Amino acid sequence: MTNKKQTITKKRRLRGVVTSIAMQKTAVVRVDRRLQHPKYGKYYSVSKKYAVHDPDNMAKIGDLVEFEECRPISRQKRWRFVSTIAVA
């Protein structure tokens, strides 16, 4: 009898703003990050867009959403919609 070691990997979760819902079951989400320049110390913002799988089309433009990585669903989609975050 062999004991198989199970590795539990924690999936990355990101938060961003929905910028497009033009595709079926897909939302484009922009994630903004603030970085500090290594030499000068000034902060600047960098943004990146992710194609997120949203099977129920729950996301609306302008919503703050949370999504996590998953197996590849299509050529561009490697992220799955988790929830909409209420902005207070």
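Contact means that heavy atoms lie within 4.5 Å. The structure treated in these exercises is a predicted model.

**Exercise 1.** Determine which residues Arg34 touches, leaving aside residues up to four places away in sequence.

*Solution.* Step 1: locate the residue; Arg34 belongs to strand β2. Step 2: apply the contact criterion, which yields Tyr43, Tyr44 and Ser45. Step 3: examine one of these partners, Tyr44, which is ten residues from Arg34 in sequence, with a C-alpha to C-alpha separation of 5.6 Å.

**Exercise 2.** Decide whether Arg34 is buried or exposed.

*Solution.* Step 1: recall that a residue is exposed over 50% relative accessible area. Step 2: the value for Arg34 is 61%, and therefore Arg34 is exposed.

**Exercise 3.** Describe how the five strands are arranged in the barrel.

*Solution.* Step 1: the barrel closes in the order β1-β2-β3-β5-β4, with mixed pairing. Step 2: from one strand to the next, the twist averages 45 degrees. Step 3: consider one pair, β3 and β5, which run parallel and are joined by two bridges. Step 4: name a bridge; His53 has Arg80 in β5 as its partner.

**Exercise 4.** Identify the members of the largest nonpolar core and the element that gives the most to this core.

*Solution.* Step 1: the eleven members are Val18, Ala27, Val29, Val31, Tyr50, Val52, Ala59, Val65, Phe67, Trp79 and Phe81. Step 2: two or more residues come from each of β2 (26-36), β3 (43-53), β4 (64-69) and β5 (79-85). Step 3: β2 gives the most, namely three residues. As a general rule, nonpolar side chains in soluble globular proteins tend to be buried together.

Methods: Residues are numbered from 1 along each chain as its sequence is written. This is a predicted model: local features need pLDDT of at least 70, side-chain atom pairs count only at pLDDT 80 or more; totals for chains, interfaces and linings use all residues. Side-chain values use heavy atoms; hydrogens and water are left out. A nonpolar core is a set of buried Ala, Val, Leu, Ile, Met, Phe, Trp, Tyr and Cys residues joined through side-chain atoms within 4.5 Å. Buried means under 20% relative accessible area, exposed over 50%, partly exposed in between (1.4 Å probe, protein chains only). Helices (H or I, at least four residues) and strands (E, at least two) are DSSP runs, numbered from the N terminus. Two strands pair if DSSP finds at least two bridges between them. Axes are lines fitted to C-alpha atoms, for helices over the stretch in contact, and angles run from 0 to 180 degrees between N-to-C directions.
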